[in-house]
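Let's walk through this one together, starting with the fold and ending at single side chains. Keep the viewer open as you read.

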Amino acid sequence: MEWLNNQNPILLALFATLGTWALTALGAAMVFFFKEINQRLLNTMLGFAAGVMIAASFWSLLAPAIEMAEKSSNIPAWLVAALGFLGGAVFLYMADKIIPHMHLNSKDGESEGISTKLRRSILLVFSITLHNIPEGLAVGVAFGAAANGFNNITLLSAIAVAMGIGIQNFPEGAAVSIPLRREGLSRTKSFLYGQASGLVEPIAGVLGAALVMYIQPILPYALAFAAGAMIFVVVEELIPEAQSGGHKSTHMATAGCIIGFTVMMILDVALG
């Protein structure tokens, strides 16, 4: 652990987000073994991802942002958290309106964002890529905060964020590649597209760590920003997609969300 504390936090953020991308790729590799994915299982996986992101948004991002603002800002802590949180949600809302994408349960012609003639498979990948921007940012900001020496964010808590994001990236990778295979793509193309959805995480992770390292006053805002962006993704996309497929499937999605929340809460509290 002492060795890790002596490393460049931007480099640590890069390695951590490369790890979360690798788990996305590992999940996407499930397409080589399965052509179909049971709707209840898919809903459970999406619910699990939602639960992890909700827990990470509070324990790993929003709560530390409030504590940090109370100690280091002349602005009321609740206002710092609110501005950052709303900023993250607005950022994802604008990205949702601009970047062309299509949800897993969308039908042909139901794409969102600017008008495009891109294939459905590419639009599905863009949708998951939107999910991964705040996830990578959250990991990077957490490592940058730990490097700045704040007592309420340690290197272990940053690692917990990366582990939680990585765990939920595995089923998310499968949730992209297997439906693409069902769309008619080859296994290899489905895998390549599925893993590509996670490549944005190292970029966002490095950017988040660099920002808070060199512009320390924005750190509480950055933490709350990442939380707002993640909650937007959960409410706008993950939960609605997890709730399709009938009443029994929604129960599975709910169970997945609760389990995901519990796993991330244990990771953050135990390691933080």
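Read from one end to the other, the chain goes α-α-α-α-α-α-α-α-α-α. That makes ten helices and zero strands, where helices are DSSP runs of H or I with at least four residues, strands are E runs of at least two, and numbering starts at the N terminus. A word on provenance: this is a predicted model, where local features need pLDDT of at least 70 and side-chain atom pairs count only at pLDDT 80 or more, while totals for chains, interfaces and linings use all residues. Residues are numbered from 1 along each chain as its sequence is written, and side-chain values use heavy atoms, with hydrogens and water left out.

How much of the chain is buried? Of the 272 residues, 52% are, with buried meaning under 20% relative accessible area, exposed over 50%, and partly exposed in between (1.4 Å probe, protein chains only). The accessible surface comes to about 12,000 Å², and carbon and sulfur atoms own 69% of that; the areas come from the Shrake-Rupley method with a 1.4 Å probe. As for contacts (heavy atoms within 4.5 Å), take those with a separation of 6 or more: 81% join residues 24 or more positions apart.

Now for the annotation. An unreviewed UniProt entry puts the feature "transmembrane region" at residues 12-34, 41-63, 75-95, 122-147, 153-170, 191-215, 221-239 and 251-271. Such annotations may be inferred rather than shown by experiment. Take two of these spans in the model. Residues 191-215 are 84% helix and 0% strand, with end C-alpha atoms 38 Å apart. Residues 221-239 are 100% helix and 0% strand, and there the end C-alpha atoms lie 26 Å apart.

Helix 9 (residues 219-242) deserves a closer look. The expected span is 1.5 Å times one less than the number of residues, so its 24 residues should cover 34 Å, and the end C-alpha atoms sit 33 Å apart, which agrees. Helix 9 also bends by about 40 degrees at V234, the bend being the angle between axes fitted to the seven residues ending there and the seven starting there. Helix 9 is mostly covered, with 17 of its 24 residues buried.

Next, the rings. Rings of Phe, Tyr and Trp (its six-membered ring) pair if their centres lie within 6.5 Å; planes under 30 degrees apart are stacked, over 60 edge-to-face, and the rest tilted. That rule gives five aromatic pairs. One of them is W59 with F261: centres 5.5 Å apart and planes at 70 degrees, so edge-to-face. This pair ties helix 3 (residues 39-72), home of W59, to helix 10 (residues 247-271), home of F261, across 202 residues. W59 is partly exposed at 28% relative accessibility, and F261 is partly exposed at 26%. Then there is F91 with F225, whose centres are 5.6 Å apart and whose planes meet at 50 degrees, so the pair is tilted. Here F91 in helix 4 (residues 77-98) reaches F225 in helix 9, 134 residues apart. F91 is partly exposed at 39%, as is F225 at 24%. Ring pairs also join F58, W59 and F261 into a cluster.

Finally, find T24 in helix 2 (residues 9-28). With a relative accessible area of 2%, T24 is buried. What is T24 in contact with, leaving aside its neighbours within four places in sequence? The partners are N169, G173, G194, Q195, S197 and G198.
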